[in-house]
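Got the viewer open? Let's take a walk through the model, one selection at a time.

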Amino acid sequence: MSHDVRLTRRDVLQRAGLVVAATAFPAETRLFAGANAQSGGVLAPGQTNADLPISEVMTRLSTYMSQARDRTLPDDVLEKAKWHVLDTIAAMVSGSELTPGRAAIAFARAYGGKEVATVVGDTIVCGPIEAALANGTMAHADETDDTLAGPWHPGCNVVPAALALGEQFGNSGAHFLRGVVLGYDVGTRLLAAILSGFNGSHKLSYGIGGVFGAAAAAGCAASLNPQQMRWLISYAAQQSSGIESFPRDLDHTEKGFIFAGMGARSGVTSALLVHAGWNAVNDILSGPDNFLNANSAKPNADLVVEKLGERYDVMRTNIKRWTVGQPIHAPLDAVEALLKKQLIDPGQVQEIVVRYAPGSITDNSGPSDINVQHALAVMLVDKTVTFRSIHDKARLQDPVIVGLRGKIRLEPGGRGAGARPPLLQITLANGTKLTEDNVGAGVLGTAANPMSREQLVAKCRDLMVPVLGATQTTRLIDRVLALDKVSNVRELRPLLQRSNRGGAPKLSEYPNAK
């Protein structure tokens with residue numbers, strides 16, 4: 001469909017004629033501007049398009065959102081929310097040492113604004129919009145942040161937004177956590193409602209899910225009422241954006257922005273505009289030119305409110321073990337399983353076939369941590385993948401790694417009996433074929449095979465100790481895991497800051513991070 005919006009002189013005259021013709025009919029029988037015919041709305045005398053009724057979906061959603069700050073969470077949901085907050089903070093801390101994180105901190109220092117919110121991994125305190133952008137970008141500077149089917153990355157959007165406005169409004173830890181859970185729920189549902197429109201559209205689902213998740217968390221932090229929540233959603237809808245071009249990103253910087261920093265910033269902006277007194281469209285989810293129809297030919301509005309208060313999407317969100325894109329985890333687990341059975345000399349590898357999606361976003365992507373061929377080559381050579389090894393840019397040109405990457409072939413899953421190749425098959429120079437098709441209960445960290453509390457803490461400790469030191473890291477972990485008892489989230493600030501920053505990121509500081 002063409003979206004050329006240039007108007008000729010004839011277009012203008014024709015539209016003017018339609019307006020004049022419309023005035024010839026009684027107001028009570030006239031559909032507003034023709035476009036409203038899609039929703040069947042009829043305006044009463046004296047009404048304008050701004051008076052269209054608010055849909056049941058929007059009413060339920062905005063009411064639920066406004067009540068979230070006072071809604072007690074089930075114990076398992078509360079515990080899991082703390083895990084994801086800790087996981088996201090660890091991603092921010094480690095991300096502050098990478099190129100995108102350094103760029104985010106430099107931006108916050110240059111355009112800091114009013115001293116309200118913490119920038120993680122630094123000493124600067126700046127405006128909440130700038131802090132959300134910086135912290136979000138840091139949270140996705142690496143691929144260690146959480147993921148949720150949709151797809152989107154909720155933590156790196158939702159947590160920075162909740163933290164920035166939690167500090168501005170002095171939220172308690174319990175209030176903060178409720179906003180985080182709300183963000184996961186709202187971002188997931190609004191994305192699900194329009195997902196049918198993404199095929200072939202080149203749109204980026206991560207940015208759209210992110211802005212609504214961040215906006216919901218920010219609106220909860222600001223204690224907005226139902227009417228204000230409806231305006232918040234409208235401003236978030238106007239800012240929802242993103243293009244599926246990130247595999248061509250040079251070093252994950254733009255990806256950190258569009259996957260996280262952009263959504264966190266836009267969500268906080270939406271909440272602050274409404275909190276400052278701005279109004280907006282009452283219901284951007286229905287009526288003419290609504291958000292759902294703008295993004296899908298067949299949207300499903302019912303999914304926006306499906307099982308609100310029953311299904312908590314933080315419970316379905318993946319926590320990553322490896323610091324790489326989520327689709328790469330299963331192949332890495334398969335290589336690890338093979339290596340436990342026998343030694344594999346990389347020099348004897350003739351071919352590697354992986355059941356994967358050729359042409360997907362992790363197929364030979366530019367950034368090393370979303371490149372499946374690079375990750376598998378590093379795994380075969382080092383027998384593991386660490387934070388340090390996957391971010392060592394020099395290894396992208398290492399002849400041994402480059403040679404192995406060239407031997408990797410991605411094979412689609414296929415259909416029908418016998419058509420599905422094994423997850424991993426390695427052929428050696430002597431003709432021996434090594435296969436691995438069973439990764440046990442599933443990828444560690446997923447809903448099917450969740451991490452334990454101890455495994456999560458170990459992961460976060462490995463990521464944060466080289467930046468914050470062992471003592472501060474321990475105190476931060478303990479405080480986050482008891483966040484529901486914290487009276488004011490501003491208490492986290494000294495534990496999130498780093499006073500000894502200086503120089504370029506030093507990957508040599510990360511010998512054990514994974």
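Start by selecting Tyr111, which at 54% relative accessibility counts as exposed. Here, exposed means over 50% relative accessible area, buried means under 20%, and partly exposed lies in between, using a 1.4 Å probe and protein chains only. Add Phe107 to the selection: at 33% relative accessibility, Phe107 counts as partly exposed. Phe107 and Tyr111 form an aromatic pair, 5.0 Å centre to centre, with 40 degrees between the planes, and the pair is tilted. For such pairs, the rings of Phe, Tyr and Trp (its six-membered ring) must have centres within 6.5 Å; planes under 30 degrees apart are stacked, those over 60 are edge-to-face, and the rest are tilted.

A word on what you are looking at: this is a predicted model, where local features need pLDDT of at least 70 and side-chain atom pairs count only at pLDDT 80 or more, while totals for chains, interfaces and linings use all residues. Residues are numbered from 1 along each chain as its sequence is written, and side-chain values use heavy atoms, leaving out hydrogens and water.

**Next stop: more rings**

How many aromatic pairs does the structure hold? There are six aromatic pairs in the structure. For another of these, select Phe246 and Phe259: their ring centres are 4.7 Å apart and their planes sit at 85 degrees, so this pair is edge-to-face. Phe246 lies in the loop between helix 9 (226–239) and helix 10 (253–275), and Phe259 lies in helix 10, so the pair ties together parts that are 13 residues apart in sequence. (Helices are DSSP runs of H or I with at least four residues, strands are runs of E with at least two, and both are numbered from the N terminus.) Phe246 is buried, with a relative accessible area of 3%, and Phe259 is buried too, at 2%. Now add Tyr206, because Tyr206, Phe246 and Phe259 form one aromatic cluster.

**Stay in the loop**

Select Ser240, found in the loop between helix 9 and helix 10. Is Ser240 buried or exposed? Ser240 is buried, with a relative accessible area of 17%. A polar atom of the Ser240 side chain lies 2.8 Å from the backbone oxygen of Ala237. That fits the cut-off for a polar contact: a pair of N or O atoms within 3.5 Å where, within protein, one must be able to donate a hydrogen and the other to accept it, and residues adjacent in sequence count only if both atoms are side-chain atoms. Leaving aside neighbours within four places in sequence, Ser240 is in contact (heavy atoms within 4.5 Å) with Ile208, Val211, Phe212 and Phe291.

**Over to helix 7**

Pick Val186 in helix 7 (residues 173–194). Val186 is buried, with a relative accessible area of 2%. Not counting residues up to four places away in sequence, Val186 touches Leu61, Met65, Phe212 and Ala216. Try a distance label on the last of these: the C-alpha atoms of Val186 and Ala216 are separated by 6.6 Å, although the two are 30 residues apart along the chain.

**Across the sequence**

Jump to Gln497, in the segment after helix 18 (493–496). Gln497 is buried, with a relative accessible area of 18%. Which residue's backbone oxygen does the side chain of Gln497 reach at 3.3 Å? That oxygen belongs to Thr123. Gln497 and Thr123 are 374 residues apart in sequence but 5.5 Å apart in space, C-alpha to C-alpha. Other contacts of Gln497 beyond four places in sequence include Thr118, Gly121, Leu468 and Gln472.

**Into the core**

Now select Phe176, Leu285 and Met464, the residues with the most contacts inside the largest nonpolar core, which has 117 residues. Apart from that core lies another, of 31 residues, among them Val324, Val354, Ala377 and Leu410. A nonpolar core is a set of buried Ala, Val, Leu, Ile, Met, Phe, Trp, Tyr and Cys residues joined through side-chain atoms within 4.5 Å.

**Two cysteines, then zoom out**

Select Cys126, buried with a relative accessible area of 0%, and Cys156, also buried at 0%. A search of the whole structure finds zero disulfides (pairs of cysteine sulfur atoms within 2.5 Å).

Finally, show the whole chain, with its 18 helices and six strands. Buried residues make up 53% of the 514 residues in the chain.
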